[in-house]
Amino acid sequence: MEYLLNQIVNGISQGAIYALMAIGYSVVVGVTGLITFTHGEVIMIGAFASFYIFQYIGNNLILGIIASFIASWILGMFIYYVCYDRFFEAPSHISLICTIGASMLIRNLAQIYFGPNQKPMLNIIDNKVYRIGVLQVSLMQIVILITVVVLASILAFFINNTRWGIMLRAVSQDKKAAYLMGINVRKTAMIGNCIGCGLAGIAGLLISIYYQTLQATMGGSLGMKAFSSSVLGGLTDTRYSALGGLAIGLIENLGITISTASFRDIFAFGFLITVLIIRPEGFASRKGAKSQ
Amino acid sequence: MLKIQNLSVNYGYIAAVKNISLEVNEGEIVTLIGGNGAGKTTTLMAISGLVPKASGTITFKGVNITKMSPDKIVKMGICHVPEGRRIFPSLTVYENLMAGTIGNPSLKKPQIKQLLEKNYELFPRLRERMKQSGGSLSGGEQQMLAIARGLMMDPDIIMLDEPSLGLAPIIVEEIFDLILKIRNAGKTVLLIEQNASMALSIADRGYVIETGNVVLEGKGRELLANPDVRKAYLGG
């Protein structure tokens, strides 16, 4: 029982990281209207950016978060101009294939420049563990949860309460109509895409701190997790995508309590498939939306 | 105010609009009528910069806007209420209206408030449904929202693409009343309609378009009385 409760705590903190990735993913998909497979590589670049900052400048989490955000923002711009900008009018599989190609390119360049081996992430947060009854919560888990909640709240505030958020949502719902509102659709889509990537980069920093390792090929499975979480939430809805990420994190960690840690992905993707069989539209039930 | 000279638009090999010239003067209601596929909507999309033009020039208030990007054209003061309304379904009515103000960066907060009040007066039902999502409105309400959204940018000219499409006759009359009100408030209106008799009865001038060409032009009343127009569009 104690073990199970602690696995729930682990699941929530890992799920929070997945949630941040999924929020980024659904922002990207929402605003560009196209599926991306570069998300894992964006996560990886975010992790490496903070790794080098910690190594050469010092153990400062805030600085690491900023570095991850900027690095993945820049990568997001690259991805936008290569994979989306010219293909909005083209059939959607063209940019889809383009993102697969870009992800291979980025991953292999990363293996050349960062090395193919696992690297240990510096331990920048104290290994303090708090006990609440039978529960054990580490300082790291608290920091992760706070970071995710703060970032998600900032994003939610911008999207729901500012003119800029209205622009972003208008672009994600109807690009032609957004043009007719005088919105610079290409610029707005680019910024939205970069914000989604920036959040994914920070999630990459968090997951590499959590596992205390990072690797140039880490993006593959993490990108799929972000994608799955986002699919669970209906792809473009940030709130439900976050819920999807949390669910996958929990299921994974509960699953490995009854089996071994190497079965992690089986539980994650098994859960995805089960949910999609029962509810193909994911958790979200959109009201008032036109069917796409 | 708006002048289109020798405009042609092609979709692939198909010429949708061939050498159309037309002019809209300030304070007028001008209507383009014609059957399906005549090129009316394409003409409007070309003015808004949403389709590439094969040839021709478009000038607005003396400025050549032929090669401007769509968002800059809107900022010149040209508002285009598209066919099929195209409101943002998951934005609330209020947010839809706010989205309209993006097209006019010179608007300040108090002006936006004034415009909002004006529009709520013009469309009282929108005030009731302020917090509802756009997609949950009925067809007529969505059309009103689309027009109100366009008016929120305080444009000089408003181009309406088939505002009566798919609406009940009583609501169509309401919409045409509104168009007159909008003109009386000092806006110029370019109206596209399949409902030719309604459109011509409120229009100052009209153009009849067939297969991409302007075949007739004249005062609204004259066109309404023209035997060819009567035969083709008004059922004899």
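Q: What comes right after helix H1 of chain A?
A: H1(A) is followed by A:Gly33. The phi of A:Gly33 is positive, near 75 degrees. Keep in mind that this is a predicted model.

Q: And H1 itself, how many residues does it have?
A: Helix H1 of chain A covers residues 2-32, which makes 31 residues. At 1.5 Å a residue they should span 45 Å, and the end C-alpha atoms are indeed 45 Å apart, so the two values agree.

Q: Is that helix largely enclosed or exposed?
A: Largely enclosed by the rest of the structure, because 24 of the 31 residues of H1(A) are buried.

Q: Which residues other than glycine have a positive phi in chain A?
A: A:Gln212 is one of them, with phi near 60 degrees. A:Leu235 is another, with phi near 70 degrees.

Q: Where do I find A:Gln212?
A: Look in the loop between helix H8 (185-211) and strand S4 (213-214) of chain A. A:Gln212 has 30% relative accessibility, so it counts as partly exposed.

Q: And where is A:Leu235?
A: A:Leu235 sits in a loop too, between helix H9 (219-232) and helix H10 (238-255) of chain A. Its relative accessibility is 23%, and A:Leu235 therefore counts as partly exposed. The cut-off for buried is under 20%.

Q: Let's zoom out. How many helices and strands are there in chain A?
A: Chain A has 11 helices and four strands. Its radius of gyration is 19 Å, close to the 19 Å that the globule rule gives for 292 residues, so chain A is as compact as a globular protein of that length.

Q: What box do its C-alpha atoms fill?
A: Taken along the principal axes, the box for chain A is roughly 60 × 45 × 35 Å.

Q: How much of chain A counts as buried?
A: 51% of its 292 residues do. The accessible surface of chain A comes to about 13,000 Å², and carbon and sulfur atoms own 67% of that.

Q: What about contacts between residues far along the sequence in chain A?
A: Take the contacts in chain A with a separation of 6 or more: residues 24 or more positions apart account for 76% of them.

Q: How many charged side chains does chain A have, positive and negative?
A: There are 18 positive and 10 negative side chains in chain A. The centres of those two sets lie 6 Å apart.

Q: Over to chain B. How many helices and strands are in that one?
A: Chain B has 10 helices and 10 strands. With a radius of gyration of 17 Å, close to the 18 Å that the globule rule gives for 236 residues, chain B is as compact as a globular protein of that length.

Q: What does its C-alpha trace span?
A: About 45 × 40 × 30 Å along the principal axes of chain B.

Q: How much of chain B is buried, and what is its accessible surface?
A: Of its 236 residues, 54% count as buried. The accessible surface of chain B is about 10,200 Å², with 51% belonging to carbon and sulfur atoms.

Q: And the charges in chain B, how many of each?
A: Chain B carries 27 positive and 23 negative side chains, with the centres of the two sets 5 Å apart.

Q: Which residues make up helix H6 of chain B?
A: H6 runs over residues 139-151, 13 residues in total. From first C-alpha to last, H6 of chain B reaches 18 Å, close to the 18 Å expected at 1.5 Å a residue. Because 12 of those 13 residues are buried, H6(B) is largely enclosed by the rest of the structure.

Q: Which of its residues are buried?
A: Among them are B:Gln142, B:Met144, B:Ile147 and B:Arg149. B:Gln143 also lies in this helix, and at 1% relative accessibility B:Gln143 counts as buried.

Q: What is B:Gln143 in contact with, beyond its neighbours in sequence?
A: Leaving aside neighbours within four places, B:Gln143 is in contact with B:Val81, B:Arg85, B:Glu162, B:Pro163, B:Leu167 and B:Ile175.

Q: One last residue: where is B:Val208?
A: B:Val208 is in strand S9 (residues 205-210) of chain B. B:Val208 counts as buried, at 1% relative accessibility.

Q: And what does B:Val208 contact?
A: Beyond neighbours within four places in sequence, its contacts include B:Ile33, B:Val215, B:Leu223 and B:Tyr233. B:Leu223 is 15 residues from B:Val208 along the chain, and their C-alpha atoms are separated by 8.7 Å.

Definitions and conventions: Residues numbered from 1 in each chain as written. Chains lettered and ligands numbered in written order. Predicted model: local features only at pLDDT ≥ 70, side-chain atom pairs only at ≥ 80, totals over all residues. Heavy atoms only, no water. Helix = DSSP H or I, 4+ residues; strand = E, 2+ residues; numbered from the N terminus. Rg over C-alpha atoms; globule rule 2.2 N^0.38 Å. Buried < 20%, exposed > 50% of the residue type's maximum accessible area, 1.4 Å probe, protein only. Areas by Shrake-Rupley, 256 points an atom, 1.4 Å probe, with all protein chains shown as cover. Lys, Arg positive; Asp, Glu negative; His and termini not counted. Charge placed at Lys NZ, Arg CZ, Asp CG, Glu CD. Contact = heavy atoms within 4.5 Å. Expected span 1.5 Å × (residues − 1).
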